[in-house]
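Please work through the exercises below with the sequence and the structure at hand, and try each task before reading its solution.

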Amino acid sequence: MKKDNGKKLWKKSAAVLSAAAVLMGSMMTGCGGKEEEIASSEPGTGKLTILCWSNENDFAPVLDGFKEKYPDIEVDFQHVPSEGNQYQQKLNLLANSEELPDIYWINSPITNFAKNGYMKDLSDMDIVKALPDTYKDAYSYDGKVYAYAPDSWVGGMFYNKDLYEEYGFEAPRNWDEFLDQAKVFMENGIKPVSMAGTQLMDMIVWLHNTEDIAKDKTLDEQINTGEKTFSEVYQGAMEKWYEDCVESGIITQDMIGITDEQRIDEFASGQAAATLTGAWAISGIKEKNPQMNMGIIPYVGTEGNAYTMGAVNIGIAMSSKAKNEGNAELFLEYMASEEGLKAYQAIQDSFLGAEGVEYEVDPIMEPMKQYAESGEFYFPSYHWTYTDSMEPMLQKGTQEIVMGTKTVDELLKDMDEKIDILIKSEK
């Protein structure tokens, strides 16, 4: 993920002022001051609160463009990093305390947020109607669309071209070739893949995508309904992950304590031959090593097929109780404008689903366009109804497996029992 350049905390005084404004508005209405209340809340004036996992510096092109168009709107922008589930925890806390900002970013699936009434239905907005069905479907619940998601992200395995050439390798064309090359790198003191402790599960995603999802895209949805268990869907991929990656030494215990920035350091400095990430990491890698000669490949399977990681990107939602609803709508409409989309796409270095907007991706990412356009990308937890509970459980469980304190069978059994409880609690 992008480097965290700090975050701005919500100020209690803002909440106090907001409450005072509401009280004053009520008093004015009671005293015949209704016209003044309406004027003060007219779209284009007043405030707009935003919660985002991009930091303010990275998001500046969008914010600056919006402020230039609407100079009378005071934007209160809060950044919380996504690493370590920090953003989702903050979002859950604000939702439970009924203090959600006007606009916030949210990952799919949105089942719990939509079902609990935290999100405004955006289905009738023209900007949402203009999106392709794939993008609308990613943020739909009960036939309604609750977030605006104009782009997708696609990642894969970034590799050090110079290092590969030094050992006479081309980028791996299948899983077995990746393993053979990894063995040579390890024999020479080079990590085949640099990984952070929170992403040890990404190699499971690699195998799940290429060996399972490539044949049946509905598997994770079947877990959500109880038709299948995690054990039935993930046993093969996780056993292969343990045998091919953990027992072989590709994934090691020291990785558990490695942060996202440290694993990028390892890759940029040549200590690791590859790392699994997306376009958001390119600028950070180049900052650390401007001469870095890197390429990217999709996840490749045992049969030589490719099915990489990716998803419709994060959605932009409006609180169902937005205090500044008119300004929130203006912000969404600005995001959907050609100017807004170009600025947003440049920040994300993503692939746009909105039509009629010309854009460029980093040349390194050009090989991935075909997978973005064909839809041959997937990230399992985006399809889990109970991802807030299950993804942290998988992250922690993979670490325990690497430490030797838990087995694959034990983790899958725990996950089966947990999701069974969650499904039954909804009935």
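The exercises that follow deal with a charged surface patch and with several buried residues.

This is a predicted model, in which local features need pLDDT of at least 70 and side-chain atom pairs count only at pLDDT 80 or more, while totals for chains, interfaces and linings use all residues. Residues are numbered from 1 along each chain as its sequence is written, and side-chain values use heavy atoms, with hydrogens and water left out.

**Exercise 1.** Find the residues that form a negative surface patch, and state which elements give two or more residues to the patch.

Solution. Begin with the definition: a patch is made of residues with over 30% relative accessible area and no salt bridge (a side-chain nitrogen of Lys or Arg within 4 Å of a carboxyl oxygen of Asp or Glu), and like charges are joined within 9 Å. The negative patch is formed by Glu239, Glu243, Glu247, Asp409 and Glu410. Next, turn to the elements, where helices are DSSP runs (H or I, at least four residues) and strands are runs of E with at least two: α12 (230-246) and α19 (408-425) each give two or more residues to this patch. Finally, take one member, Glu410, which lies in helix α19 and has a relative accessible area of 42%, so that Glu410 is partly exposed (between the limits of under 20% for buried and over 50% for exposed, with a 1.4 Å probe and protein chains only).

**Exercise 2.** Decide whether Asp244 is buried or exposed, and list its contacts beyond its neighbours within four places in sequence.

Solution. Asp244 is found in helix α12, and because its relative accessibility is 11%, Asp244 counts as buried. With neighbours within four places in sequence set aside, Asp244 is in contact (heavy atoms within 4.5 Å) with Trp175, Leu179 and Ile250.

**Exercise 3.** Describe the surroundings of Phe185.

Solution. Locate Phe185 in helix α9 (residues 175-187), and note that Phe185 is buried, with a relative accessible area of 1%. Beyond its neighbours within four places in sequence, Phe185 has contacts that include Leu163, Tyr164, Tyr167 and Phe169. The C-alpha atoms of Phe185 and Ile250 are separated by 9.8 Å, although these residues are 65 residues apart along the chain.

**Exercise 4.** Which side chain of opposite charge is nearest to Asp212?

Solution. Asp212 lies in helix α10 (residues 202-213). Asp212 is buried yet has no salt bridge, and the nearest side chain of opposite charge is Lys215, 6.2 Å away.

Key: Patches are made of residues with over 30% relative accessible area and no salt bridge: like charges are joined within 9 Å, nonpolar side chains (Val, Leu, Ile, Met, Phe, Trp, Tyr) within 5 Å. Accessible areas come from the Shrake-Rupley method with a 1.4 Å probe; for residues, only the protein chains shown count as cover. Lys and Arg count as positive and Asp and Glu as negative; His and the chain ends are not counted. The place of a charge is taken as NZ of Lys, CZ of Arg, CG of Asp or CD of Glu.
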